[in-house]
Amino acid sequence: AVNRANGVIRQYASAKLEKAGDAGTTIAMAVVQGPIAVIANVGDSRVYRLRNGEMRQITKDHSVIQRMVDAGMAQPEQVYTHPSRNLIYRSLGADDSVKVDIFAPTIAPGDYLLLCTDGLWEMVQSPVKIAEIVFHATSLDAACTSLVQAANAAGGEDNIGVVLAQAYE
């Protein structure tokens, strides 16, 4: 699905723009089958699992600042503020083929999966605050609305995409 989306973006770009590289996007997706979530990402859109009051990032950003953190050249909290935080080295539409990272964490009843763009996590800047919003919301829709409102209140400098799902028995 991700490779097909990459092809569609490339076709669109070549039909509408001078260079195919002028169009691009990131992606985070999940397919749940029983107790397993198959998660894919390209770029800096993320998937988190929220369980028992805690939030854990499943995906890994394909960004310059994340590479710097991995190499010990930057602190983890700099992913929110570093001048190069929006420079990504992998995206849909940039090349004819795309490398997709795949993860397969277990999902238990009551767990949440949060899929979001950097417009959410970069603006809110606090996994604790994001988790509090989700766990205190009266519904999935209310949680998504509150998350978007929190990102906008923090500056809303980028697109804010949020999908929230909860596992049931």
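1. In what sense do S3 and strand S4 (residues 54-57) pair, and over how many bridges? The two strands pair in the antiparallel sense, over 4 bridges. This and everything below refers to a predicted model. Within the pairing, Arg51 stands opposite Glu54 in S4.

2. The turn of this hairpin deserves a look. There are 2 residues between the strands S3 and S4, and Asn52 takes a positive phi near 50 degrees there. Asn52 belongs to the loop between S3 and S4. With a relative accessibility of 74%, Asn52 counts as exposed, because the cut-off for exposed is over 50%. For comparison with the general case, most residues other than glycine have a negative phi. Asn52 has a positive value and is a residue other than glycine.

3. Gln125 is another residue to check on this point. Its phi is near 60 degrees, again a positive value in a residue other than glycine. Gln125 sits in the loop between H3 and H4. Its relative accessible area is 38%, so Gln125 is partly exposed.

4. Strand S3 (residues 46-51) also has a partner besides S4. It pairs with strand S6 (residues 112-116) in the antiparallel sense, over 5 bridges. One bridge can be located by residue: Val47 has Leu115 in S6 as its bridge partner. S3 is mostly covered, with 5 of its 6 residues buried.

5. Which residues touch the most other members of the largest nonpolar core? They are Tyr48, Leu50, Leu114, Leu120, Ile130, Leu147 and Leu164, in a core of 27 residues. The elements that give two or more residues to this core are S3, helix H2 (64-70), S6, helix H3 (118-124), helix H4 (127-136), helix H5 (140-153) and strand S7 (162-166). H5 gives the most, with 5 residues.

6. Leu147 is a useful place to start when viewing the core. Leaving aside residues up to four places away in sequence, Leu147 touches Leu114, Leu120, Val124, Ile130, Ile133, Val134 and Val162. Leu114, Leu120 and Ile130, named here, are also among the residues that touch the most other core members.

7. Next come the charged pairs. Side chains of opposite charge can pair when their charged atoms come close. How many salt bridges does a search of the whole structure find? The search finds 7.

8. One of them is formed by Asp61 and Arg46, whose closest N and O atoms are 2.7 Å apart. Asp61 is in the loop between S4 and H2 and Arg46 is in strand S3, so the pair ties together parts that are 15 residues apart in sequence. Are these two residues buried or exposed? Asp61 has 2% relative accessibility and therefore counts as buried, the limit being under 20%. Arg46, at 3% relative accessibility, counts as buried too.

9. Lys60 forms a salt bridge with Asp70, with the closest N and O atoms 2.8 Å apart. Lys60 lies in the loop between S4 and H2, while Asp70 lies in helix H2, so this pair ties together parts that are 10 residues apart in sequence. Lys60 has a relative accessible area of 40% and is partly exposed. Asp70, at 44% relative accessibility, also counts as partly exposed. A student can set this pair beside Asp61 and Arg46, which count as buried.

10. A further salt bridge joins Asp101 and Arg90, with the closest N and O atoms 3.0 Å apart. Since Asp101 is in strand S5 (residues 101-103) and Arg90 is in the loop between H2 and S5, the pair ties together parts that are 11 residues apart in sequence. Both Asp101 and Arg90 are buried. Elsewhere, Arg85, Glu122 and Glu157 are joined into one network by salt bridges that share partners.

11. The last point concerns the surface. Which residues make the nonpolar surface patch of about 320 Å²? The patch is made by Val31, Ile36, Val38 and Ile102. Of these, Val38 is found in strand S2 (residues 36-42). Val38 has a relative accessible area of 41%, so Val38 is partly exposed. That value meets the patch requirement of over 30% relative accessible area.

How values were computed: Residues are numbered from 1 along each chain as its sequence is written. This is a predicted model: local features need pLDDT of at least 70, side-chain atom pairs count only at pLDDT 80 or more; totals for chains, interfaces and linings use all residues. Side-chain values use heavy atoms; hydrogens and water are left out. Patches are made of residues with over 30% relative accessible area and no salt bridge: like charges are joined within 9 Å, nonpolar side chains (Val, Leu, Ile, Met, Phe, Trp, Tyr) within 5 Å. Accessible areas come from the Shrake-Rupley method with a 1.4 Å probe; for residues, only the protein chains shown count as cover. A salt bridge is a side-chain nitrogen of Lys or Arg within 4 Å of a carboxyl oxygen of Asp or Glu. Buried means under 20% relative accessible area, exposed over 50%, partly exposed in between (1.4 Å probe, protein chains only). Two strands pair if DSSP finds at least two bridges between them. A nonpolar core is a set of buried Ala, Val, Leu, Ile, Met, Phe, Trp, Tyr and Cys residues joined through side-chain atoms within 4.5 Å. Contact means heavy atoms within 4.5 Å.
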